[in-house]
Structures are given as C-alpha cells and as structure tokens.
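Colleague: Could you take me through one part of this model in detail, and then show me how its surroundings connect to the charged residues elsewhere? I would like one continuous account.

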Amino acid sequence: MQSIPVDMARLGSVMCVVPPEPRVNPDTGEVRKDREGNPVWVVGVSVRQLEKRRADVIDIAVSGQPQGISEGARVVVVDLVATAWEIDGRKGTSFRAAAVRPESPAAGGVGAPGRGKAAASGGDA
C-alpha cells in the first residue's frame with residue numbers, strides 16, 4: 001500500500017468533531033497497538049479545502065493518546081499520510097498522523113508556523 005502525504009496549506013480550518021478515543025479491535029475488544037506497541041487512538045476531524053464550502057470528516061489514527069483536544073477545537077495535524085486500501089472487495093482510504101494537537105492561539109490559521117502536513121479526503125490528496 002502506498003502512503004501519500006498531503007499539504008496542509010491546501011486546507012482551510014481543521015476542527016475536531018469526534019474527540020480522541022482508543023481504536024479497538026471489534027473482534028477481541030482490545031485496544032490496537034502500533035508497531036512499537038503503543039496504543040492507537042483515533043480523532044475525527046473536519047477538513048475543508050480553501051475556497052470551497054464542502055467539508056469532509058476523516059478519522060485520523062495516531063500513536064498514543066492526544067492531549068488537550070475536545071470537540072469543536074481547532075487542531076493541527078502533523079505529518080498526515082493517506083493510505084488507500086482494499087480488503088475483501090471493499091475499498092477506502094485510511095489516515096495516520098504523527099500527532100494531532102490543539103492549535104495554539106498564536107498560530108492563527110492556515111500556513112502559520114507550527115502547522116504540519118495534513119490530508120484531504122475524496123482523492124484531493
């Protein structure tokens with residue numbers, strides 16, 4: 001599977017719409033772990049391309065529990081990659097980031113220092 005990084009500068013606001021929760025294996029009920037054995041958490045965020053009214057919600061997986069993020073908070077997504085997958089005839093795109101953290105008040109918006117890479121859904125990566 002190919003991982004595709006996406007430029008955050010192409011997006012408008014990024015906001016948490018589903019607070020962080022552990023990613024659980026539906027068959028066993030256990031919290032999933034990354035390659036290093038850290039628990040995987042998922043955060044639902046809305047992303048919007050600049051100059052467009054449409055927003056998409058994507059789930060972003062991160063290693064370890066994100067801190068200081070609540071529903072409605074603007075967030076910074078660091079080094080996000082999109083990975084296309086296909087399993088048993090189903091297809092989709094998964095998203096994984098190095099970190100999701102609260103946007104600092106000084107950051108101010110798109111292109112501000114401290115903003116990492118992020119991804120858009122719908123093939124606009």
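**A close look at S46**

Modeller: Happy to! S46 counts as buried, because its relative accessibility is 16% and the cut-off for buried is under 20%. Please keep in mind that this is a predicted model, so every value here is computed from its atoms. S46 sits in strand β3, which spans residues 40-49. What is S46 in contact with, once its neighbours within four places in sequence are left aside? The list is S13, V14, M15, V17, D56 and V57.

From that list, let's follow D56, since D56 takes us from S46 to a charged pair: D56 forms a salt bridge with R54. The closest N and O atoms of the two residues are 3.0 Å apart, and the cut-off for a salt bridge is 4 Å. Side chains of opposite charge can pair when their charged atoms come close. A search of the whole structure finds one salt bridge. Are its two residues buried or exposed? R54 is exposed, because its relative accessibility is 60% and exposed means over 50%. D56, on the other hand, is buried, with a relative accessible area of 18%. D56 is thus a buried residue that touches the buried S46 and pairs with the exposed R54.

Next comes the loop between β3 (40-49) and β4 (55-63), where E51 lies. The phi of E51 is near 65°, a positive value in a residue that is not glycine. E51 is exposed, with a relative accessible area of 82%. A second residue with a positive phi is D88, at about 50°, and D88 is not a glycine either. D88 is found in the loop between β6 (81-87) and β7, and D88 is exposed as well, with a relative accessible area of 78%. If you check backbone torsions, those are two places to compare with your own numbers.

Beyond D88, strand β7 covers residues 90-96 and includes R96. R96 is partly exposed, because its relative accessible area is 32%, which lies between the 20% and 50% limits. Which residues form a positive surface patch together with R96? They are R23, R32 and R35. R96 can count towards a patch because its 32% is above the 30% that patch members need.

To retrace the route: we began at the buried S46 in β3, moved through its contact D56 to R54, and ended at the positive patch that includes R96.

Definitions and conventions
Residues numbered from 1 in each chain as written. Predicted model: local features only at pLDDT ≥ 70, side-chain atom pairs only at ≥ 80, totals over all residues. Heavy atoms only, no water. Patch = residues over 30% accessible without salt bridge, like charges linked within 9 Å, V, L, I, M, F, W, Y side chains within 5 Å. Areas by Shrake-Rupley, 256 points an atom, 1.4 Å probe, with all protein chains shown as cover. Salt bridge = Lys/Arg side-chain N within 4 Å of Asp/Glu carboxyl O. Lys, Arg positive; Asp, Glu negative; His and termini not counted. Charge placed at Lys NZ, Arg CZ, Asp CG, Glu CD. Helix = DSSP H or I, 4+ residues; strand = E, 2+ residues; numbered from the N terminus. Buried < 20%, exposed > 50% of the residue type's maximum accessible area, 1.4 Å probe, protein only. Contact = heavy atoms within 4.5 Å.
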